[in-house]
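Let's take a walk through this one, starting where two chains meet and ending inside one of them. Keep the viewer open as you read.

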Amino acid sequence: MTTGRSLRIGEALLGGGLFALGALIAVETMLTPSAGRGVVGPALFPYLISAGLMLVALSLLREAFAGHIAHDGGLELDLRAVMLVAAGLVAQFLLIEYLGWIPAAALLFVAVARAFGNRRFFVNAAFGLVLSGATFVVFNYGLDLNLPIGTVGEWFLPAE
Amino acid sequence: MDTLAALGHGFLVALTPYNLLWSAIGVTVGTAVGVLPGIGPALTVALLLPVTYHLEPTSAFIMFAGIYYGAMYGGSTTSILLNAPGESGSIVTAIDGHAMARQGRGAQALATAAIGSFIAGTIATAALTFVAPLMVKMALLFGPAEYFALMVLALTTVTAVLGDSLARGLGSLFLGLALGLVGIDMQTGQARLAFGVPELLDGIDTVVVAVGLFAVGETLYVASRFRFEREEVYALKGSKWMSREDWSRSWKPWLRGTLLGFPIGALPAGGSEIPTFLSYLVEKRLAKKPEEFGHGAIEAVAGPEAANNASAAGVLAPLLSLGLPTSATAAIMLAAFQQYGLQPGPTLFDSTPELVWGMIASLYVGNVLLLLLNLPLVGMWVKLLVIPRPWLYAGILVFSTLGAYTLNNNVIDLVILWVIGLVGFGMRVLNVPVAPCVVGLILGPLAEQQFRRALAISQGDATVFITHPISAALLAVAVLLVVGPLVMRRRNRAAASDPAGKTSTV
């Protein structure tokens, strides 16, 4: 359950985040030794954008504390489901090079399906494996793209 | 007459069996993916980019054109039967289209949308055929200063027209501009904001950002709301055919929608939101029974859907002739062009006429294919809506990561996808529009290039932007678009807080 008040906090976080991003760009640009001081060097746009970011961020912060925000009455959010999907994606990018595309994608599939309330793990795992296997075959052999077989997978397929 | 000869040549390219096949695949896949809820044309094109890596550019763009038009068709199906507009252009369709579906008139709503889209798409494609070469002639008069001003105008309009808060729109835009800074500076070769990560030197891919915001962010949002919202698919029942009355109430809105959609789509203001809303308002004003609006008036589906498809053709005019994307979908198509080493703009018509004209001709072909595909087979597309949501979104994420990974075959893109996805979720919750971010990412670096080129030519004299009349006029319009709403809002607020004045709703 998210109330209007926590949405205001969210809006403030957005403003704060954008402000921090603007500051980061400004600092990083200052620290980068500039190559070739032409009429307009590579530093001008970063400075402009960082200034723009900070101005917009201030305006967002003002809106968060004083103005009208989206979903004034609050918005219900199931944050566990969000974390589950996010965790599935993290697992996938951590595992994809080791386990290969097929198990990593199947794992993501199961995680997302669970987040959407489907508890039939084995059915989902089977379905996920079929989908990731099919995409692997189509993309690797049909379209000549390289999806990783994974270091583990390479043990099983020595002579490919 | 040159144009007709070029178009004829384009048809020769588009009608070869090989390219016809890709057009058919494009419209079919585009419709299928467009029907799936939550996926609009921008995401459809981005998700399907990897499929085309090994195609000839001409065939690839013929397929993209099919996907683009197909996804616009498919989007209306979701709006009408599920009340879930996949993109902003379908929001208006959902109002009365879904009301018709609840009354058991879903088939008629889909039919008027499909036929209207066909008519609008064909007329607007014809307009594109003749307008694009004119725009090329105009583009040849443009120098870097004018291009910069035009891009500023496009950036501000995409931002200002979307959403109800200018600050949120600008926040999204500047986020996109900031992401566009990452990588090697095109003029000096200096690395910017790469933080020592070699994979970042090439910059952040538009496709990763688009898929992250539209697919990952959207999936996270839908997951977070899934327990609280029940959706209902309204089955098609009753007569599938439009009655004589339906026809007579539809044909004028189709034509008026086309008239609104194409020119507005072609303007740097761009997009499909304004023409669809305008078309709705116009039809309501002209209708014999305006009280039916909001409760299932067929005019309110026919007009906006026609406007939506006409604007799709309109958007292609500045994209092809100026290299200027005015919507998120166009921004991704531009990224697709860049992946083939092609830069849309006036020279594209000279350097690769078979690609440009083949693509334009394929739009006519695609429209016919879509009508054939949609009128008889709509029942089949509707079946896609009953895919269980857990599997649907799981599948969407598998394909999103597939697309992101295969771009450069590295895990960093998946990490970026994850970060952008979380940001996209936050934006969705806070009602921040995502399209300005995508357009900012792609237009920012181009605008910077033109800006620096203009200053190099003028030897550092920054007044070039206001002494060149076209550039000055474009910049003035851009300023008005940002300042105008601010002034209006302030005036409204003053009126609202003034007890003696009329009360006004914000």
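Start at the border between chain A and chain B, where ten residue pairs are in polar contact, both partners at pLDDT 80 or more. Bear in mind that this is a predicted model. On the chain A side, five helices each supply at least two residues of the surface that touches chain B: H1 (4-31), H2 (44-66), H3 (79-99), H4 (101-115) and H5 (121-142). H3(A) gives the largest share, eleven residues. Sort that side of chain A by class and you get 46 nonpolar, 13 polar and seven charged residues.

Now for how much contact there is. Chain A puts in 66 residues and chain B 64. Between them the two chains bury about 5,800 Å², with 77% of that on carbon and sulfur atoms. If you want to know which residues of chain A lose the most area to chain B, click on A:Phe45, A:Phe93 and A:Phe116; together they account for 13% of what that side buries.

There is some charge pairing across the border too: the rule finds three salt bridges between chain A and chain B. For a salt bridge to look at, try the side chains of B:Arg168 and A:Glu63, with N to O at 3.3 Å.

Next, zoom in on a pair of helices. Two packed helices are described by the angle between their axes and the distance between those axes. For H5(A) and H17(B), the latter covering residues 389-408, the axes come within 11 Å and cross at roughly 35°. The crossing of H5(A) past H17(B) is right-handed. On the H5(A) side, the contact is made by A:Val123, A:Asn124, A:Phe127, A:Leu131, A:Thr135 and A:Phe139, while H17(B) brings B:Trp391, B:Gly395, B:Val398, B:Phe399 and B:Leu402. Split by class, the residues of this helix contact are eight nonpolar, three polar and no charged.

Finally, step back from the border. How many salt bridges does a search of the whole structure find over all chains? The count is 13. Within chain B, B:Asp246 forms a salt bridge with B:Arg105, and their closest N and O atoms are 3.2 Å apart. This pair ties together distant parts of the chain, 141 residues apart: B:Asp246 sits in helix H10 (residues 244-266), and B:Arg105 lies in the loop between helix H5 (91-102) and helix H6 (106-140) of chain B.

Definitions and conventions: Residues numbered from 1 in each chain as written. Chains lettered and ligands numbered in written order. Predicted model: local features only at pLDDT ≥ 70, side-chain atom pairs only at ≥ 80, totals over all residues. Heavy atoms only, no water. Contact = heavy atoms within 4.5 Å. Buried area = accessible area lost by both parts, 1.4 Å probe. Salt bridge = Lys/Arg side-chain N within 4 Å of Asp/Glu carboxyl O. Polar contact = N/O pair within 3.5 Å; in protein donor to acceptor, adjacent residues only side chain to side chain. Helix = DSSP H or I, 4+ residues; strand = E, 2+ residues; numbered from the N terminus. Nonpolar A, V, L, I, M, F, W, Y, C, P; charged D, E, K, R; others polar. Axes fitted to C-alpha atoms, helices over the stretch in contact; angles between N-to-C directions. Left-handed = near helix turned anticlockwise from the far one by under 90°.
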